[in-house]
Amino acid sequence: MANVAVIGAQWGDEGKGKIVDWLAERADIVVRFQGGHNAGHTLVVGNNTYKLSLLPSGIVRGTPSVIGNGVVLDPWALKAEVEKLRGQGVEISPDTLMIADTCPLILPFHRDLDGLREDASGAGKIGTTRRGIGPAYEDKVGRRAIRVCDLAHLDALGPQLDRLTAHHDALRAGFGQPPIDRAQLIAELAEIAGFVLPFVRPVWRDLGEARARGRRILFEGAQGVLLDIDHGTYPFVTSSNTIAGTASGGSGLGPGAVGFVLGIAKAYTTRVGSGPFPTELTDETGEQLGVRGHEFGTVTGRKRRCGWFDAVLVRQSAAVSGITGIALTKLDVLDGFEEVRICTGYRLGDAMLDHFPAHARDQAAVEPIYETLPGWAESTAGARSWAQLPAAAIKYIKRVEELIRCPVALVSTSPEREDTILVRDPFAD
């Protein structure tokens, strides 16, 4: 049985939460391995809707869930999310939630800095969630982060605080802000430590033992490959590596632990915030996609930009992340269109491109080359087998497979957990 890594193959918001929740029934452990509470995963289970940002999606099913060392953790956001889910009847305890002791913490001044930078950036705004994710990763790489394990040793934090405040106080002064109040920070950390520490453990050891016992591990990525700090539409990206390879470093397991890589892609394309978007539709069709797909960000509430499926981008995501199979979501949103289009390449000046260029100016200048396919009038909503899909919808899926050079393993036809067509079981490989 293979372990499975689930990653977004577009700009995030592809429906990873539902797919991870669906796969969690077959998994023994679910692991978040990068990002922070800038993720937004919505699960619809019967009449209940659960909105997750930091917690692994398996937590709703009661599947043991791990926040790995590659995640940056806002302890106050964690507490709020746990309390909210408990209020919805989800049981969360140290038996169902484990947090890596080496996770870097997102602190109040990280959120401050995130917002101050965005407000001062003018036309250079990236469109961050202002939740402190980027500044927290900067401190991790700069070797000045306060980590989860430090919550048990606040009396020994002095030297690390010296390094941290030396950096941040200078930045804050540049924005006209007062220096960090160290005493207040220590008091806030002491107050939240009692909530966080019962969940903390060396998860690399637990995951290694689980793997040795043949347990099925499901790695849950956040955001999408096109937001990867190295492979995404830089600088309009997130602050972590979102590709499947990060599942290893972000969990403490070796690279051989990941077997099947499941990329999640909508049957069309969306993006939140700034940055290039070759197939974006600003007309009535784009508006129709947004309304039908309820395209608003789970975390920010921002309206998503919508466009046709871009096979070039998804093919590129599949290549750089080693995607084994695709879960195609929101197929039902395309119901009723007389025709549907797929981007098969780009035109850049006189040149024809089969890939997305690296430079932001070229990314903004490319023109999509489309292939048009017949749409379908019949409804695909709620379909759970190929036999329930219109012939034109199946033809569309098959053409997507050809263009992205990757097979479709799952098809999602509504937000409901069970409205899923299984073509190839990732855990069976």
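Here are some notes on the cores, one helix, one serine and one pocket of this predicted model.

1. Ground rules. The model is predicted, so local features need pLDDT of at least 70 and side-chain atom pairs count only at pLDDT 80 or more, while totals for chains, interfaces and linings use all residues. Residues are numbered from 1 along each chain as its sequence is written, and side-chain values use heavy atoms, leaving out hydrogens and water.

2. The cores. A nonpolar core is a set of buried Ala, Val, Leu, Ile, Met, Phe, Trp, Tyr and Cys residues joined through side-chain atoms within 4.5 Å. Buried means under 20% relative accessible area, with a 1.4 Å probe and protein chains only. The largest core here has 93 residues, and among those with the most contacts inside it are Ile-67, Phe-219 and Tyr-396. Helix α12 (residues 391-404) gives the most to this core: seven residues. There's also a second, separate core of 18 residues, including Val-6 and Phe-427. Helices here are DSSP runs of H or I, at least four residues, and strands are runs of E, at least two, numbered from the N terminus.

3. Helix α10. Have a look at residues 311-321: eight of the 11 residues in this helix are buried. Among the buried ones are Val-312, Leu-313 and Arg-315. The buried residues pack against several elements, including β1 (4-8), β9 (260-266) and α12; contact means heavy atoms within 4.5 Å. At the N-terminal end, Asp-310 acts as a cap, with a side-chain oxygen 3.1 Å from the backbone nitrogen of Val-312. Just after the helix, Gly-322 takes a positive phi of about 65°.

4. Ser-412. Is this residue of strand β17 (residues 408-412) buried or exposed? Ser-412 is buried, at a relative accessible area of 4%. Its side chain makes a polar contact with the side chain of Lys-18, at 2.8 Å. (That's a pair of N or O atoms within 3.5 Å; within protein, one must be able to donate a hydrogen and the other to accept it, and residues adjacent in sequence count only if both atoms are side-chain atoms.) Leaving aside residues up to four places away in sequence, Ser-412 also touches Leu-328 and Asp-419, among others.

5. A lining to explore. Twenty-seven residues line the second largest pocket, and Thr-42, Gly-293, Arg-304, Lys-330 and Pro-415 lie nearest its centre. (A pocket, on a 1 Å grid over the protein atoms alone, is an open set of points where a 1.4 Å probe fits, with protein on both sides within 12 Å along at least five of seven lines; lining residues have an atom within 4 Å of a point.)

Key: Buried < 20%, exposed > 50% of the residue type's maximum accessible area, 1.4 Å probe, protein only.
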